[in-house]
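Hi everyone, thanks for making time this morning. I'd like to walk you through one structure, going from its empty spaces to its charged pairs and then its core.

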Amino acid sequence: MEIIHDHISNDAHRKITDTYTRGDYRVKVYTYHDKNKKAYWSIISECTVEPSGTTGIYFEKSRPQIDLNKLINSAIASRYNYQHLISYHSKALHMVRELIDQLLEKEKVSA
């Protein structure tokens, strides 16, 4: 089964998301700017998905006791800068590249 990779970068919402979907399993890495805490947060999470009926759109179903939802990195930011957000997200992806591959491979074996 192939891996579908989506990249969404949204400057208005101060968030960048990369999703990797294999069948009904998804790993997501996202980085966002929290204006209240004045920080950038990078998080990796996993969930199952089910088709919505519209091609390419899925409903995510999280299993809190089982699924990974972990902070990768954080950085203090007194001001929001889109280029910094891109840089922090790139670093986060690099830090968890092996983990993403392991999670997707594990799901491939269990499917």
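Let me start with a definition, since we need it for the count that follows: a cavity here is a set of grid points where a 1.4 Å probe fits but cannot get out. One more thing up front: this is a predicted model.

So, how many cavities of 30 Å³ or more does the count come to? By that rule, the count comes to one. The space in the largest cavity is about 50 Å³. Around that space you'll find Tyr40, Trp41 and Ser42, then Asn73, Ser74 and Ala75, and finally Tyr88, Lys91 and Ala92. In terms of elements, E4, strand E6 (69-76) and H1 each give two or more residues to the lining. By type, the lining of the largest cavity splits into five nonpolar, three polar and one charged.

Now for the open side of things, the pockets. The largest pocket holds about 200 Å³ of space. Its lining is made up of Ile4, Asp6, Ile8, Thr17, Thr19, Arg26, Gly56, Ile57, Tyr58 and Glu60. Which element gives the most to that lining? It's E1, with three residues. Strand E1 (4-10), strand E2 (15-22) and strand E5 (58-61) each supply at least two. The mix in the pocket lining is four nonpolar, three polar and three charged residues.

Two of those pocket residues, Arg26 and Glu60, take us to the charged pairs. As a reminder, side chains of opposite charge can pair when their charged atoms come close. The structure holds four salt bridges, and I'll pick out some of them. Arg26, Lys28 and Glu60 are linked in a network of salt bridges. Within it, Lys28 pairs with Glu60, with the closest N and O atoms 3.0 Å apart. That pair links distant parts of the chain, as Lys28 sits in strand E3 (residues 25-34) and Glu60 in strand E5, 32 residues apart.

Is Lys28 buried or exposed? Lys28 counts as buried, because its relative accessibility is 18% and the cut-off for buried is under 20%. Its partner Glu60, at 38%, counts as partly exposed.

Strand E5 has another pair to show us. Lys61 forms a salt bridge with Glu50, and there the closest N and O atoms are 3.4 Å apart. Glu50 lies in strand E4 (residues 39-51) and Lys61 in strand E5, so this bridge ties together parts that are 11 residues apart in sequence. Both ends count as partly exposed: Glu50 has 36% relative accessibility, and Lys61 has 44%.

Over in the helix, the side chains of Arg97 and Asp101 meet in a salt bridge at 3.2 Å, N to O. Why are these two separated by about one helical turn? Because they are four residues apart in helix H1 (residues 82-110). Arg97 is partly exposed at 33%, and Asp101 is partly exposed at 41%.

Last stop, the core. The largest nonpolar core has 12 residues, including Tyr20, Ile44, Ile72 and Leu93. E3 and H1 are the elements that give two or more residues to this core, and H1 gives the most, with six. I'd finish on Tyr20, whose contacts beyond four places in sequence include Tyr25, Val27, Leu93, Ile100 and Leu104. Tyr20 also touches Arg26 and Arg97, two residues we met among the salt bridges.

Thanks for listening!

Conventions. Residues numbered from 1 in each chain as written. Predicted model: local features only at pLDDT ≥ 70, side-chain atom pairs only at ≥ 80, totals over all residues. Heavy atoms only, no water. 1 Å grid on protein atoms, 1.4 Å probe; cavity = no way out; pocket = protein on both sides within 12 Å on 5 of 7 lines; lining within 4 Å. Points joined across faces, edges and corners; volume = space filled by probe spheres on them. Nonpolar A, V, L, I, M, F, W, Y, C, P; charged D, E, K, R; others polar. Buried < 20%, exposed > 50% of the residue type's maximum accessible area, 1.4 Å probe, protein only. Core = buried A, V, L, I, M, F, W, Y, C linked by side-chain atoms within 4.5 Å. Contact = heavy atoms within 4.5 Å.
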